[in-house]
Amino acid sequence: MTYSHRRQKVINLLAELDMDVLVFCQPENIRYLCGFRGSDGVLIVTSDQLVFMTDSRYTAQAYEEVSADCIAEYQIKTEGVITQLQTSVVTRIGFEAELAFGTVNEFQEKGDANWQWLHLKDELKSLRLHKSADEISCIADAARLNAIGFAEVEAMIKPGVRESEIALALEFSLRKLGAEEKAFDIIVASGLRGAMPHGIASDKVLREGELVTIDFGCRLSGYHSDETVTFALGKVSEELCTIYDTVLEAHDRALAAVAPGVALNELDRLARNHISSCGYGDYFGHGLGHGVGLEVHEAPVVSPRSKAVAEEGMVFTIEPGIYVPGVGGVRIEDMVLVTANGHQTLTKIPKTFRNILLKEEF
Ligand code: ZN
Ligand code: ZN
């Protein structure tokens, strides 16, 4: 049922774009469309046939997992794909924008002279945009693991501990709880390092009076979580408190506005305007958020350039930040699901300002 519905989406796309066939190489798209969980294979979809191909390392796995009309094995990927394409009459062949330039070249050089290779980018983004109930429950479970994993390591977050120790403990905790993998290299950025939006955990030792930003997530059943917490280690400067309050208010305003029909660039604008009105506009350099699913960063993008509107079933992050060189930084990130009437926040760790050493919230 699931796969036939997804297959129909591709067939509709073929008609819409006047293509004869679509060649998928991206593992997440392949998994979405036929269930294959391995990391290497090709899915070839025409209006009447869905063929999965892989090499001998994955054939047995494919027979267990894949829902397709045919499972075939190749020795050399490009040659296998070309041979398969030659079994039917095709001219217009769509492929993913992410496909390596070298592979595309090889397809073009070795394929039939009359074949047109069509590079698809935004056209394919819609494929995984609206999450089904099953997908939403996987994402929600991954988000729940974040909260449990974080609670397990919270007690060790204190002055004298290295950022890298916290990252390792958090990863261990998430894996122990059942996560397949961390979603990305865990970011632990304390003190002045907080001014680096992507400061992967370093050997720096945490000190009292600093803010600590931890951006982390995990993968569960193929689906990801992504969340950022920032908290104070003891009493922090007034400026850092102001920055925190500003980011939190920007986060809250954008989150509260999430509902079907709301333009994604409007969500970005709500957060960005607040940060600008507090004088920190120059220090919020990235977009407000991104979709999360089989990939930790996927459609839709939530930024000033977004053209889409929020629609039921979309899952994306709201993650404003302020990063002031020489002072520090704050980012607060939650994952939100667009529901029929509004939204539901999937991540569970409270984001109110917190001095983690005092064990009290205010
Ligand atoms: Zn994140
Ligand atoms: Zn994120």
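1. A good place to start is Thr-59, which is found in helix 3 (residues 59–65). Helices (H or I, at least four residues) and strands (E, at least two) are DSSP runs, numbered from the N terminus. Thr-59 counts as buried because its relative accessibility is 13%; buried means under 20% relative accessible area, exposed over 50%, and partly exposed in between (1.4 Å probe, protein chains only). Leaving aside neighbours within four places in sequence, Thr-59 is in contact with Thr-54 and Glu-73, where contact means heavy atoms within 4.5 Å.

2. Some ground rules before going on. This is a predicted model, in which local features need pLDDT of at least 70 and side-chain atom pairs count only at pLDDT 80 or more, while totals for chains, interfaces and linings use all residues. Residues are numbered from 1 along each chain as its sequence is written, chains are lettered from A and ligands numbered from 1 in the order in which they are written, and side-chain values use heavy atoms, with hydrogens and water left out.

3. Next, please look at strand 3 (residues 50–54). Five of its five residues are buried, so strand 3 is largely enclosed by the rest of the structure. In a regular strand the side chains alternate between the two faces of the sheet. Here Leu-50, Phe-52 and Thr-54 point one way, Val-51 and Met-53 point the other way, and all are buried.

4. What does strand 3 pair with? Strand 2 (residues 42–45) runs antiparallel to strand 3 and is joined to it by four bridges; two strands pair if DSSP finds at least two bridges between them. Leu-43 stands opposite Phe-52 of strand 3, and the two strands form a hairpin with four residues between them. Strand 3 also pairs with strand 4 (residues 70–73), in the parallel sense and over four bridges. There, Ala-72 of strand 4 is the bridge partner of Met-53.

5. Another sheet is worth a visit. It is open, with three strands in the order 7-10-11 and antiparallel pairing. Strand 7 (181–182) and strand 11 (223–224) are the edge strands, each pairing on one side only. Strand 10 (residues 218–220) and strand 11 pair in the antiparallel sense over two bridges, and Leu-220 has Tyr-223 in strand 11 as its bridge partner. Helix 7 (residues 133–153) packs on this sheet, touching strand 10 and strand 11, and its direction makes about 140° with that of strand 10. Such axes are lines fitted to C-alpha atoms, for helices over the stretch in contact, with angles running from 0 to 180 degrees between N-to-C directions.

6. Now to the metals. Which residues hold the zinc ion (ligand 1)? Its protein donors are Asp-215 (OD), Asp-215 (OD), Asp-226 (OD) and Glu-333 (OE), lying 2.0 to 2.6 Å from it. Donors are N, O and S atoms within 2.8 Å of the metal (3.2 Å for Na, K and Ca); water is not among the atoms, so sites may look incomplete. The four donor atoms subtend angles of 54 to 150°, which makes the arrangement irregular. For four donors, tetrahedral needs all angles between 85 and 135 degrees, whereas square planar for four and octahedral for six need opposite donors over 155 degrees apart and all others between 65 and 115; anything else is irregular.

7. The zinc ion (ligand 2) is coordinated by Asp-226 (OD), His-290 (NE2), Glu-319 (OE) and Glu-333 (OE), at 2.1 to 2.2 Å. Its four donor atoms subtend angles of 82 to 156°, and the arrangement is therefore irregular. Along the chain, the donors follow the spacing D-x63-H-x28-E-x13-E. The two zinc ions, ligand 1 and ligand 2, are 3.1 Å apart, and Asp-226 coordinates both. Among the donor residues, Asp-215 is buried, with a relative accessible area of 4%; Glu-319 counts as buried at 9% relative accessibility and Glu-333 at 0%.

8. Finally, do spend a moment on Glu-227, which lies in strand 12 (residues 227–233). Is Glu-227 buried or exposed? Glu-227 counts as buried, because its relative accessibility is 0%. Its side chain makes a polar contact with the side chain of Lys-351 (2.6 Å) and reaches the backbone nitrogen of Ile-349 at 3.3 Å. A polar contact is a pair of N or O atoms within 3.5 Å; within protein, one must be able to donate a hydrogen and the other to accept it, and residues adjacent in sequence count only if both atoms are side-chain atoms. Not counting residues up to four places away in sequence, Glu-227 touches residues including the zinc donors Asp-215 and Glu-333.
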